[in-house]
Amino acid sequence: MGNSIQEYAGYVAERSRTVGALICNSALVLFTGIGLIMEVVKYHSNTFILYESLSGALALVSAALLVGYCARALRNASRSIPPFVRALRYITTCLLVINFATIVMFVGPQEGYIKALFAGPALFLNFLSPVLAFSSLAIFEPNPALRFRDSWWGVLINTIYGGVVFPLVYFGYLPNPYPVFDVSTHEVWLDILVGFLLLAVTFLLDWMVYLSGKGTALKTE
């Protein structure tokens with residue numbers, strides 16, 4: 001009898017977390033979609049050289065996948081969500097947290113936090129999306145066997161982004177998406193040094209997100 005009660009309580013808890021993940025990620029899809037539409041209207045063809053737009057687009061895809069699998073799990077009384085969905089959610093949450101931290105540490109002090117976090121598309125992409133994604137990952141979402149080396153995903157993606165965008169901006173092929181990082185006015189060695197420091201901070205943030213996700217308990221396939 002006692003085991004039956006405990007199993008039922010565990011089942012109810014898992015279903016509750018699934019509902020929580022469904023709600024958080026549905027809101028994430030809605031708000032990120034609104035933010036991306038506003039960015040496209042504002043920046044047109046330059047939208048996807050912006051880090052918040054790229055990370056937001058990836059987060060929208062991963063959140064939509066999780067919404068679909070959570071809805072299926074609730075409908076079929078299943079407790080199974082594919083591990084690749086959780087892994088993708090982890091990676092995109094890292095990117096959103098990195099964007100949020102960059103805004104708080106570098107952009108906000110120069111441009112003002114109201115503009116950087118709460119004005120126009122920034123409200124959705126720089127504030128609401130990171131908060132919802134991190135909250136969902138840390139509290140509700142399933143936890144397959146994440147590995148420590150998974151923390152390097154954000155570093156790899158940021159290295160690719162910087163390796164593509166930095167030369168194009170430096171040689172004038174793209175407009176600088178972030179005037180606070182005006183690479184064309186600094187020595188190349190200084191830009192590279194700052195880049196390595198940003199990657200170190202990226203790894204630290206990825207690791208913190210990784211640790212936050214270790215505590216959730218929804219089962220995966």
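Axes are lines fitted to C-alpha atoms, for helices over the stretch in contact, and angles run from 0 to 180 degrees between N-to-C directions. The legends below rest on a predicted model, in which local features need pLDDT of at least 70, side-chain atom pairs count only at pLDDT 80 or more, and totals for chains, interfaces and linings use all residues. Residues are numbered from 1 along each chain as its sequence is written, and side-chain values use heavy atoms, with hydrogens and water left out.

**View 1. The whole protein is built from seven helices and zero strands.**
Helices (H or I, at least four residues) and strands (E, at least two) are DSSP runs, numbered from the N terminus. Along the sequence the pattern reads α-α-α-α-α-α-α. The protein has 221 residues, and 39% of them count as buried. Buried means under 20% relative accessible area, exposed over 50%, and partly exposed in between (1.4 Å probe, protein chains only). Contact means heavy atoms within 4.5 Å. Among contacts with a separation of 6 or more, 78% join residues 24 or more positions apart.

**View 2. Helix H3 crosses helix H6 at roughly 65°.**
Two packed helices are described by the angle between their axes and the distance between the axes. H3 spans residues 83-111, and H6 spans residues 152-170. Their axes come within 9 Å. The crossing is right-handed. A crossing is left-handed if the near helix is turned anticlockwise from the far one by less than a right angle, and right-handed if clockwise. Which residues make the contact? H3 supplies Ile91, Leu95 and Ile98, while H6 supplies Trp153, Gly154, Ile157 and Asn158. By class, these residues are five nonpolar, two polar and no charged. Here Ala, Val, Leu, Ile, Met, Phe, Trp, Tyr, Cys and Pro count as nonpolar, Asp, Glu, Lys and Arg as charged, and the others, Gly among them, as polar.

**View 3. Helix H2 packs against H3 at an angle of about 150°.**
The two axes lie 9 Å apart. That angle makes H2 roughly antiparallel to H3. The cut-offs are these: under 35 degrees is roughly parallel, over 145 roughly antiparallel, 65 to 115 roughly perpendicular, and the rest oblique. H2 and H3 cross in a left-handed way. Residues of H2 in the contact include Tyr51, Glu52, Ala59 and Tyr69. H3 answers with residues including Phe84, Arg89, Leu95 and Asn99. The contact holds 13 nonpolar, five polar and two charged residues.

**View 4. H2 runs from residue 51 to residue 75.**
Why do its end C-alpha atoms lie 36 Å apart? H2 has 25 residues, and at 1.5 Å a residue they should span 36 Å, so the two values agree. The expected span is 1.5 Å times one less than the number of residues. Buried residues of H2 include Ser53, Gly56, Leu66, Cys70 and Ala73.

**View 5. Glu52 sits in helix H2.**
Is Glu52 buried or exposed? Glu52 is buried, because its relative accessible area is 9%. Leaving aside neighbours within four places in sequence, Glu52 contacts Glu39, Asn99, Leu125, Asn126 and Tyr178. Glu52 and Leu125 are 73 residues apart along the chain, yet 6.2 Å separates their C-alpha atoms.

**View 6. H3 also meets helix H5, crossing at roughly 140°.**
H5 covers residues 121-139. The axes of H3 and H5 come within 9 Å. The angle makes H3 oblique to H5. This crossing is left-handed. On the H3 side, the contact includes Arg86, Tyr90, Val97 and Phe100. On the H5 side, it includes Leu125, Pro130, Phe134 and Leu137. The classes come to eleven nonpolar, five polar and two charged residues.

**View 7. Cys94 of H3 is buried.**
Its relative accessibility is 1%. Not counting residues up to four places away in sequence, Cys94 touches Asp206 and Val209. The C-alpha atoms of Cys94 and Tyr210 are 8.4 Å apart, with these positions 116 residues apart along the chain.

**View 8. Two loop residues, His44 and Arg149, are shown here.**
His44 belongs to the loop between helix H1 (2-43) and H2. Its phi is near 55°, a positive value in a residue other than glycine. His44 is exposed, because its relative accessible area is 56%. Arg149 lies in the loop between H5 and H6. Arg149 is exposed too, with a relative accessible area of 55%. Arg149 and Tyr210 are 61 residues apart along the chain, and their C-alpha atoms are separated by 9.8 Å.
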